[in-house]
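Here's a protein chain to explore at your own pace. Take a look at the sequence and the model, and then let's walk through some of the details together.

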Amino acid sequence: MSMIFFACVVRVRDGLPLSASTDFYHTQDFLEWKRRLKTLGLRLAQYPGRGSAEGRDFSIHFSSFGDVACMAICSCQCPAAMAFCFLETLWWEFTASYDTTCIGLASRPYAFLEFDSIIQKMKWHFNCVSSSQMESSLQKIHEELRSQPPVVLTLEDTDVANGVMNGHTPMHLEPAPNFRMEPVTALGILSLILNIMCAALNLIRGVHLAEHSLQVAHEEMGNILAFLVPFGACIFQCYLYLFYSPARTMKVVLLLLFICLGNVYLHGLRNLWQILFHIGVAVLSSYQILTRQLQEKQSDCGV
């Protein structure tokens with residue numbers, strides 16, 4: 001018996017539907033729940049990463065992370081763990097197929113309609129494969145749901161009256177569930193230590209120069225910024241290595257550029273070896289950030 005009836009992928013910031021499964025159900029109740037799902041998709045940015053809205057016959061589950069959210073209409077007999085396992089797998093498949101640039105530039109509904117074939121394949125897999133065959137994946141999702149339960153929405157949260165969304169949905173402050181990063185390596189720890197040391201050196205020199213300049217002259221402002229901007233860039237590099245952030249490549253390139261320009265500007269206050277050391281640490285940190293990826297999904301949770 002089918003438990004997952006409909007699934008779609010939407011862009012979080014504006015609710016633009018990017019792809020959806022082919023609709024084989026045309027009952028009045030099901031069409032009403034599709035309307036509710038569309039309304040909820042416009043408001044996903046207000047909610048944490050996982051949530052559910054349940055009715056008598058159907059339920060809506062959603063899972064969002066970064067720029068993309070996956071949503072599904074399921075039967076009320078469908079276990080929450082199975083629904084969220086399906087949505088997480090769908091998220092992995094979609095983000096592996098389309099990068100953030102393509103997603104951000106999409107301007108029309110269902111711009112990636114060809115992804116429908118993968119959604120249908122995944123729906124068939126989760127509807128037909130027994131729970132025992134996905135036991136480890138479902139157990140993992142069970143544990144995540146126990147430690148961080150999804151937000152529970154009422155039907156009023158998904159309702160629309162006269163084309164205008166009813167009421168004022170309260171903002172939920174619970175953090176979205178984080179996708180696990182690959183384990184930190186020994187070289188990564190070394191890059192963090194060196195980066196913190198470079199940040200400390202930049203901060204000490206910048207503050208010392210600022211104290212001196214405030215008493216003597218103001219023409220040293222450029223040198224002060226050349227110390228403090230790389231200090232901030234080093235700290236942000238540490239953050240990017242430890243935690244996942246969308247558009248990491250662009251951020252890493254900008255941070256590396258700031259550090260290089262700042263150190264080149266300081267030629268005269270630093271010798272060549274000091275400049276090369278700071279730039280070398282920045283390059284090592286950038287490489288570590290870009291090579292530390294999200295953990296691969298579990299094979300038994302996929303299709």
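## Annotated stretches

Which residues does the UniProt annotation "transmembrane region" cover? According to the unreviewed UniProt entry, they are residues 184–204, 224–242, 249–266 and 272–290. Keep in mind that what you're looking at is a predicted model, and that UniProt annotations may be inferred rather than shown by experiment.

What does the model itself show in two of those stretches? Over residues 249–266 the chain is 94% helix and 0% strand, and 26 Å separates the end C-alpha atoms there. Residues 272–290 come out as 100% helix and 0% strand, with their end C-alpha atoms 27 Å apart.

## A nonpolar patch on the surface

Now have a look at the outside of the model. Met221, Leu225, Val229, Met250, Leu254, Leu257, Phe258 and Leu261 form a nonpolar patch on the surface, and together they have about 760 Å² of accessible area. The elements giving two or more residues to this patch are α7 (221–242) and α8 (248–265).

Which helix gives the most to the nonpolar patch? That's α8, with 5 residues. Leucine 261 is found in helix α8, and it's a good one to click on: its relative accessible area is 52%, so it counts as exposed, the cut-off being over 50%.

## Two helices to check with a ruler

Helix α1 has 14 residues and reaches 20 Å from its first C-alpha to its last, close to the 20 Å expected at 1.5 Å a residue. You can try the same check on helix α2 (residues 80–97): at 1.5 Å a residue, its 18 residues should span 26 Å. The end C-alpha atoms of α2 are 26 Å apart, which agrees.

How much of α2 is buried? This helix is mostly covered, with 13 of its 18 residues buried. In α1, the buried residues include Phe30, Trp33, Leu37 and Leu40.

## Salt bridges

Side chains of opposite charge can pair when their charged atoms come close. The structure holds 8 salt bridges, and one of them sits within α1. There, the side chains of glutamate 32 and arginine 36 meet at 3.5 Å, N to O. Glutamate 32 and arginine 36 are 4 residues apart in helix α1 (residues 28–41), so about one helical turn separates them. Why does that spacing suit a pair? An α-helix has 3.6 residues a turn, so residues three or four places apart point the same way. Glutamate 32 is partly exposed at 26% relative accessible area, whereas arginine 36 is buried at 12%.

Other pairs reach across the chain. Arginine 50 and glutamate 144 form a salt bridge through their side chains (2.7 Å, N to O). Arginine 50 lies in strand β3 (residues 50–54) and glutamate 144 in helix α5 (residues 135–147), so this pair ties together parts that are 94 residues apart in sequence. Both partners are covered: arginine 50 is buried at 7% relative accessible area, and glutamate 144 counts as buried at 16%. Glutamate 88 and lysine 140 also meet in a salt bridge, at 3.3 Å, N to O. That one links helix α2, home of glutamate 88, to lysine 140 in helix α5, 52 residues apart. Glutamate 88 counts as buried at 10% relative accessibility, while lysine 140 is partly exposed at 23%. Through shared partners, salt bridges join Arg50, Glu88, Lys140 and Glu144 into one network.

## A cysteine on its own

How many disulfides are there? The count comes to 0. A disulfide is a covalent bond between the sulfur atoms of two cysteines. Take cysteine 70: its nearest cysteine sulfur, that of cysteine 8, is 8.2 Å away, while the cut-off for a disulfide is within 2.5 Å. Cysteine 70 counts as buried, at 0% relative accessibility.

## An odd backbone angle

Most residues other than glycine have a negative phi. Tyrosine 110 goes the other way, with a positive phi near 55 degrees. You'll find tyrosine 110 in the loop between α3 (100–105) and α4 (116–128). Tyrosine 110 is partly exposed, with a relative accessible area of 37%.

Note on methods
Residues are numbered from 1 along each chain as its sequence is written. This is a predicted model: local features need pLDDT of at least 70, side-chain atom pairs count only at pLDDT 80 or more; totals for chains, interfaces and linings use all residues. Side-chain values use heavy atoms; hydrogens and water are left out. The expected span of a helix is 1.5 Å times one less than its number of residues. Buried means under 20% relative accessible area, exposed over 50%, partly exposed in between (1.4 Å probe, protein chains only). Patches are made of residues with over 30% relative accessible area and no salt bridge: like charges are joined within 9 Å, nonpolar side chains (Val, Leu, Ile, Met, Phe, Trp, Tyr) within 5 Å. Accessible areas come from the Shrake-Rupley method with a 1.4 Å probe; for residues, only the protein chains shown count as cover. A salt bridge is a side-chain nitrogen of Lys or Arg within 4 Å of a carboxyl oxygen of Asp or Glu.
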